[in-house]
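Work through the exercises below with the model open. Try each task before you read its solution.

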Amino acid sequence: MYLNVIAISQRVQRKLEVLHNKILKYERNVNYLSVENISKSYGERVLFKNISFGIHAGQKIGFVAKNGTGKTSILNIISGEDTPDDGKVVIRKNLKISFLAQNPILDPSLTVEEIINTSDNHILKIIAEYENALLNPDDTDGYQTAFEAMEANQAWDFETLYKQILFKLKLENLSQKVATLSGGQKKRLALAKVLLAQPDLLIMDEPTNHLDLEMIEWLENLFKKENITLLMVTHDRYYLERICNIIIELDEGVLYSYKGNYSYYLEKRDARLDNVETEIAKAKQLYKKELEWMRRQPKARTTKSKSRIDDFHEIKDRANQRRNDHQVQLELNMERLGTKVVELHNISKTFEGIQLFKNFDYNFLRGERIGIIGKNGTGKSTLLNMITGILIPDTGKVVVGDTVKFGYYTQVGIDIKKGQKVIDVVREYGDYIPLKKGRQISAKQLLERFLFDRKKQYDFVDKLSGGELKRLYLCTVLIKNPNFLILDEPTNDLDIVTLNVLENFLLDFPGCLIVVSHDRYFMDKVVDHLFIFRENSKIEDFPGNYSDFSVYEASNVVEKRNRSEKSSKTKRSWKSSNVKSKLSYLEQKEYDALEKEIVKLELEKETLENKFATENWDSKEIDKQSKELQVIIEVIEIKTERWFEISAKLDR
């Protein structure tokens with residue numbers, strides 16, 4: 001009897017598992033939304049025509065296309081913010097959609113809390129009532145009602161998520177008015193609102209803009225963990241690689257879908273383009289053959305020959321296809337930097353009572369490639385403004401070499417005059433710029449290299465998309481032919497095609513480079529070392545790119561955790577066995593400090609040794625740096641010897 005019960009229980013369990021798998025499979029195949037043959041034009045400019053695709057539950061879709069080809073317009077149409085000229089969007093009944101626009105519009109008269117509570121999630125109202133009840137402890141009935149509502153709706157876990165989102169996005173001041181928020185704060189508030197709505201489908205246009213690296217990584221982990229359906233336009237290739245399981249590409253007005261992440265997309269896209277080139281080559285060969293036949297001008301116009309003539313025109317069109325890639329080729333001929341580039345001597349800066357950095361020293365050398373990372377508000381842009389002379393340090397001084405010519409790309413962007421055309425903006429800085437080997441390039445040719453075709457050059461600037469404006473601004477910075485290039489968040493709103501072009505240019509750029517960016521992929525490709533802006537008013541020089549730094553920080557966290565666990569075990573062991581520690585308190589403290597100091601010195605030694613191989617120092621500078629290297633080596637030897645002395649006590 002007992003065995004029969006077990007057997008029945010096992011059969012029931014198996015049936016439940018089968019049913020559960022069927023439900024999961026069904027849920028994954030549920031069609032949320034279908035885009036059917038939509039088209040959109042602005043005057044004579046056709047953005048796209050007869051575009052169709054679908055979105056299913058559980059899909060995390062990255063949408064890739066060049067700036068100005070209609071990515072944002074498609075998102076606006078799907079979310080209901082805009083309508084197509086032709087076609088339609090069919091949405092599943094009762095589907096809950098949230099849309100994060102690139103430049104969200106929020107009511108300036110409302111507070112942060114009021115904006116969040118306008119989110120389409122009834123649990124937020126329950127949490128707000130509970131928080132209000134906590135502020136009124138005398139109203140026991142009100143508290144009981146609010147508490148029971150939290151219980152009935154299982155709102156406790158959501159309350160934890162709610163507080164985590166606000167904390168991570170730095171929106172703790174719920175009473176602050178929207179009118180007083182910066183552009184970045186408004187974007188983060190809009191992001192918090194759509195996340196807390198917990199929609200069936202979340203649509204986002206450049207979600208990582210205005211987020212610092214810590215926020216970007218937190219959001220990435222949230223999207224990885226949560227079973228959420230996403231459609232997003234983003235230039236963050238780590239998001240496309242690590243989060244997305246489908247990449248949709250709009251290329252030359254045709255939509256292509258790739259079932260995989262960013263690496264898979266690149267592989268398959270290259271294969272597709274190779275096939276296109278092969279087909280074009282075949283068409284050219286056939287075109288030559290048919291052209292000879294057409295030139296013979298056959299007199300007998302039979303049905304067969306007329307058909308062949310019609311086919312000839314089709315072959316001609318295929319053979320004359322050209323991909324409109326306009327690969328940017330930036331071969332600027334910059335002025336050579338002298339021995340003295342930029343020197344920072346004990347500079348400090350305090351802003352609104354907050355000390356951003358203190359007594360920072362650094363001498364820039366020719367060809368340095370520095371990335372700057374840190375949380376928002378730690379002084380990254382302030383340092384750039386001080387280097388370029390826009391701001392003056394509170395203490396210390398900035399010395400700029402006579403040969404330095406700055407090119408400064410700021411977050412403020414380009415100053416456009418009303419009625420200006422694209423070509424006019426560039427011509428304000430000159431009609432041509434010098435290139436290598438004595439060549440030069442006209443303003444028109446430069447714009448073509450920056451993906452503005454001849455027709456686009458005569459468009460009014462106010463018709464450009466956000467990404468196209470950034471691309472135009474970048475063009476105006478580089479046309480000045482700088483030898484010290486400073487880029488403050490250059491990747492915001494740029495498409496992946498432009499980012500690849502910019503990366504390739506920066507890899508060949510022979511001058512000094514400073515980049516502030518939250519684009520981890522971009523930073524990994526173009527910088528050699530980092531300035532880390534800490535919250536304790538310190539700027540650390542780290543010898544490596546962002547991925548190196550991420551690994552280093554993670555290892556520090558693990559090391560601290562292991563030490564903490566080891567320390568707690570030691571304390572418990574001491575209490576239980578009453579065995580005295582082999583090291584005194586001061587020795588243990590010295591031992592821990594020595595480990596950190598030796599690691600730091602080794603990094604300094606390695607950095608300096610690398611500079612001997614890469615820098616073009618004169619004999620005086622080589623002598624100076626050699627002495628500095630010798631001092632570091634001697635200090636390492638002394639500290640290592642002392643570390644071994646203390647370690648010997650632990651081994652006894």
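**Exercise 1. A buried loop residue**

N545 sits in the loop between β20 (539-542) and α18 (546-577). The model is predicted.

Task: Is N545 buried or exposed, and which residues is N545 in contact with beyond its neighbours within four places in sequence?

Solution.
- Step 1. Take the relative accessible area of N545, which is 16%.
- Step 2. Apply the cut-off: buried means under 20%. N545 is therefore buried.
- Step 3. List the contacts, leaving aside neighbours within four places in sequence. N545 is in contact with M523, D524, V527, D528 and L530.
- Step 4. Look at the polar end of the N545 side chain. One of its polar atoms lies 3.5 Å from the backbone oxygen of D524.

**Exercise 2. A second loop residue**

Task: Place K375 in the secondary structure, classify its accessibility and find the side chain with which its own side chain makes a polar contact.

Solution.
- Step 1. K375 belongs to the loop between β12 (369-374) and α12 (380-387).
- Step 2. The relative accessibility of K375 is 22%. Partly exposed covers the range between under 20% and over 50%, so K375 counts as partly exposed.
- Step 3. Set aside neighbours within four places in sequence. K375 then touches K170, D212, E214, K380, F533 and E535.
- Step 4. Pick out E214: its side chain makes a polar contact with the K375 side chain, at 3.0 Å.
- Step 5. Compare sequence with space. M215 is 160 residues from K375 in sequence, yet their C-alpha atoms are 8.8 Å apart.

**Exercise 3. The strand β3**

Task: How many residues of strand β3 (residues 60-65) are buried, and which strands pair with β3 in the parallel sense?

Solution.
- Step 1. Count the buried residues: six of the six. β3 is therefore largely enclosed by the rest of the structure.
- Step 2. Sort the residues by direction. K60, G62 and V64 point one way, while I61, F63 and A65 point the other way. In a regular strand, side chains alternate between the two faces of the sheet.
- Step 3. Take β7 (residues 229-233). It pairs with β3 in the parallel sense over four bridges, and L231 is the bridge partner of I61.
- Step 4. Take β8 (residues 246-251). Five bridges join it to β3, again running parallel. Here I61 stands opposite I246.

**Exercise 4. Two open sheets**

Task: What is the strand order of the six-stranded open sheet, and which strands stand at its edges? Do likewise for the open sheet of three strands.

Solution.
- Step 1. The six strands run in the order β5-β6-β7-β3-β8-β9, with mixed pairing.
- Step 2. β5 (97-100) and β9 (254-258) stand at the edges. Each has a single partner strand, so one side of each is left without a neighbour in the sheet.
- Step 3. From one strand to the next, the twist averages 15 degrees.
- Step 4. Find an antiparallel pair: β8 and β9, over five bridges. In this pair E249 stands opposite Y256.
- Step 5. Add the helices. α7 packs on the sheet, touching β5 and β6, and its direction makes about 170 degrees with that of β5. α2 lies across β3, β5, β6 (201-205), β7 and β8, at about 150 degrees to β6.
- Step 6. Turn to the three-stranded sheet. Its order is β2-β1-β4, with antiparallel pairing. The edge strands are β2 (45-56) and β4 (86-91).
- Step 7. Check the pairing of β1 (residues 31-42) with β4: five bridges, antiparallel. L33 has I91 as its bridge partner in β4.
- Step 8. Helix α2 (residues 71-79) also lies across β1, β2 and β4, at about 55 degrees to β2.

**Exercise 5. The cores**

Task: Which helix gives the most to the largest nonpolar core?

Solution.
- Step 1. The largest nonpolar core has 52 residues; L169, L189, L191, L195, L219 and F223 touch the most other members.
- Step 2. Helix α7 (residues 183-196) gives the most to this core, with seven residues.
- Step 3. Inspect L191. Not counting residues up to four places away in sequence, it touches L100, L169, M204, P207, L211 and L219.
- Step 4. A second, separate core has 45 residues, including V422, V426, V461 and L478.

Definitions and conventions:
Residues numbered from 1 in each chain as written. Predicted model: local features only at pLDDT ≥ 70, side-chain atom pairs only at ≥ 80, totals over all residues. Heavy atoms only, no water. Core = buried A, V, L, I, M, F, W, Y, C linked by side-chain atoms within 4.5 Å. Buried < 20%, exposed > 50% of the residue type's maximum accessible area, 1.4 Å probe, protein only. Contact = heavy atoms within 4.5 Å. Polar contact = N/O pair within 3.5 Å; in protein donor to acceptor, adjacent residues only side chain to side chain. Pairing = 2+ DSSP bridges. Axes fitted to C-alpha atoms, helices over the stretch in contact; angles between N-to-C directions.
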